[in-house]
Amino acid sequence: MQYFTLDSLSILMMAVLAIVLLPVLIHSIIYFHDFKAPKGQKAIYYTALFVLTAALALGYMSNQIAMTWVLTEVTTLAAGMLIYHHREELALEAVWKYVFVCAISVTFIFIGILFWSLALYRCGSSDLSYANLMAYSDKMDPFWLKMGYIFIFCGYTAKMGLFPMFTAGIDAKDNAPGPAAAMLSSVLVNLGFVGIFRTYAVVAGSSSAQWGRILMIVTAVLTLFIATTYMVKICNYKRMLAYSSIEHSAIVILGLCFGKVGIIFAILHLLMHTLVKGGLFLHYNQLVKVYGTKMMDKMGGYLQLNPFGAIVLLLGLFSITAIPPSGMFMSELGIFNAMIESGCWWLVVIVALFLTVLIWAICKSIIQVIFLPLKPEVAAELKAPHLSPLRSVSQLILFGLAIYIGYACPDCITQLINDVASLIY
Amino acid sequence: MLFIITIFLMATANRLRNYVKLVMVQGFLLFALAIVQLNEITVSNLVWIAIETLLFKSIAVPVFLFRLINRNKITREAEPFLPHFASLAITVVIVAGMYVLISAVNDEGIGKLFFVTSMSAILFGLYFICSRRKLLSHLIGYMVIENGVFILTLAVGNHMPFLVNLGVLLDIFASVLLLGFFAGKIGDVFKSTDVDSLTTLKD
């Protein structure tokens, strides 16, 4: 195929997409069982879900910068339909914001592509495939290369959830149905990453590599700062997860900037984040089924109401905050190591400070949900149905997989991740 | 050059209808520009681009926006956050800044005028979105950005017609399908198209 190749990065991303998609489908069926919806809405939901999946899969495989761009645009459309599922004012507001910000970000990516094509044309080439861009990265005019990269990077931040354009994604994940939000904050983030990674590979091969790294480090630190400030006061379960996605994206981007080891652990981190975050969003509908709200200050005593679910949620909490036995502990440790080795210990201090606050904030809310007794006035009105433990099995499997990858990474995956890192180094 | 004048006018105009009219004028200008500029590409491609700029940018979208204004009975005042004079001053700064920047780069391959115009349009569009209260003026700001991008594609269009086509697709796709549709819906649901009513979602 002219526009698509199956390289190691796309194989990894497709694999996690496939792994996350299956429980998402199962939970979509459960979702429609619990919360009835008209047939037409259901049809639109499933269509949008599959369009999103197809666009994501093709986007991972695309070997051409313009093709990735087109597919990113398609994901916006599909995600918009998913967010608008509830057909109410809040959902409409979220869709409007999401679509508008994404439209602008997509325009930005296009401007970046134009600049790069201009620089490429000067070198006498017009082939916009990533391979060709990388081959010419040294010959392209550094000014246009940098200008282009700023626009492209800024554009993809909307999908990956980084500093300038993260806002749209937060509202979107808050309003989409649980299973759809699981897709938006796991595999869609990966598409943003693929876009950034492939373009960063071009910049990293040029004389502007150091500049690119500084740009990304600044963005990542700002993102972490924002995630931390919002997270401290949060009590909406979905928004908390959305901000935690932002935090992990920032860590992944930091990893990219610190040598081959950093890249390897960044990709490992991204894979595990996809699995864990998918699982946590899938757990959301069980919480809603029990409590009838997504506000965590009206929850409590989950251990009594749904014992198996509570244990799974606790495991999810450990996984997402990178407390051992979480696999993410290993990858974060690896990224920190890479930072210290390249002499940026001050950066480690800053990041660790932010992460401590973040971990405290997440733990405080979720532990309150699981262990603290319900407030009496809430308990009086609550008629929590009994939930089958089977509903939490899929999340247990996802968290388990993340731990397995973190501690006993199979050789084939290590090999693939090594291949990806050798694209840059 | 004329395009920059439309931007200045937009900074001072204060009725929504005037904005839409200016967008229309921009569409015609782009059409003329495309015909003049793209002399090296194939005829079929040129026809396609001409149709897009003429029919779509300068007729279909403005008509659509006019209908939207009528249907939702939007008040005619655009209610900017800033006074007109400040708007005008900022626009001047944007255009002048771009001119200085491009002169500093001193690049030969791309027409200076093209570049100054398109970058100012893009920046102005962003500023326009930030400074106006009506959702519809956000749409119009977005259209201005799109037009700026289109000029940029024209600058490189001769050797990469493929990219111009992509840009055209971006226009059609983003502006009508999504923004138009939802602007209509938002008008129906919220009964007012101010951004102030879109503040329920927060932490």
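Start your tour just past the end of helix 4 of chain A: select A:Gly124, which follows that helix and has a positive phi, near 80 degrees. Keep in mind as you click around that this is a predicted model.

**Helix 4 of chain A**

Now step back into the helix itself and select residues 89-122 of chain A. How far apart are its end C-alpha atoms? They are 50 Å apart, and this agrees with the 50 Å that 34 residues should span at 1.5 Å a residue. Switch on a surface for the protein chains and look at the same helix: helix 4 is mostly covered, with 29 of its 34 residues buried.

**Helices 1 and 2 of chain A**

Next, select residues 8-34 of chain A for helix 1 and residues 39-61 for helix 2. Their axes come within 10 Å and cross at roughly 175 degrees. An angle over 145 degrees counts as roughly antiparallel, and helix 1 and helix 2 of chain A are therefore roughly antiparallel to each other.

Show side chains where the two helices meet. On the helix 1 side, pick out residues including A:Met13, A:Leu17, A:Leu21, A:Val24 and A:Phe32. Across from them, helix 2 of chain A contributes residues among which are A:Tyr45, A:Leu49, A:Phe50, A:Leu56 and A:Tyr60. What kinds of residue make up this contact? They divide into 16 nonpolar, three polar and one charged. While you are there, colour A:Lys42 in helix 2 and A:Ser10 and A:Ser28 in helix 1, which also belong to the contact.

**The loop between helices 14 and 15 of chain A**

Jump along chain A to the loop between helix 14 (307-320) and helix 15 (327-341), where you will find A:Pro325. Zoom in on its peptide bond with A:Pro324: the bond is cis, with omega about 15 degrees.

In the loop between helix 14 and helix 15 of chain A, also select A:Ala322. Its phi is near 60 degrees, a positive value in a residue other than glycine. Is A:Ala322 buried or exposed? A:Ala322 is buried, with a relative accessible area of 9%.

**Chain B**

Finally, hide chain A and colour chain B by secondary structure. Which elements does chain B have? You will see seven helices and zero strands, so a cartoon view reads α-α-α-α-α-α-α from the N terminus on.

Of the 203 residues of chain B, 54% count as buried. Chain B exposes about 8600 Å², and carbon and sulfur atoms supply 71% of that area. Turn on contacts to finish: among those in chain B with a separation of 6 or more, residues 24 or more positions apart account for 76%.

Key: Residues are numbered from 1 along each chain as its sequence is written. Chains are lettered from A and ligands numbered from 1 in the order in which they are written. This is a predicted model: local features need pLDDT of at least 70, side-chain atom pairs count only at pLDDT 80 or more; totals for chains, interfaces and linings use all residues. Side-chain values use heavy atoms; hydrogens and water are left out. Axes are lines fitted to C-alpha atoms, for helices over the stretch in contact, and angles run from 0 to 180 degrees between N-to-C directions. Helices (H or I, at least four residues) and strands (E, at least two) are DSSP runs, numbered from the N terminus. Angles under 35 degrees count as roughly parallel, over 145 as roughly antiparallel, 65 to 115 as roughly perpendicular and the rest as oblique. Contact means heavy atoms within 4.5 Å. Ala, Val, Leu, Ile, Met, Phe, Trp, Tyr, Cys and Pro count as nonpolar, Asp, Glu, Lys and Arg as charged, and the others, Gly among them, as polar. Buried means under 20% relative accessible area, exposed over 50%, partly exposed in between (1.4 Å probe, protein chains only). Accessible areas come from the Shrake-Rupley method with a 1.4 Å probe; for residues, only the protein chains shown count as cover. The expected span of a helix is 1.5 Å times one less than its number of residues.
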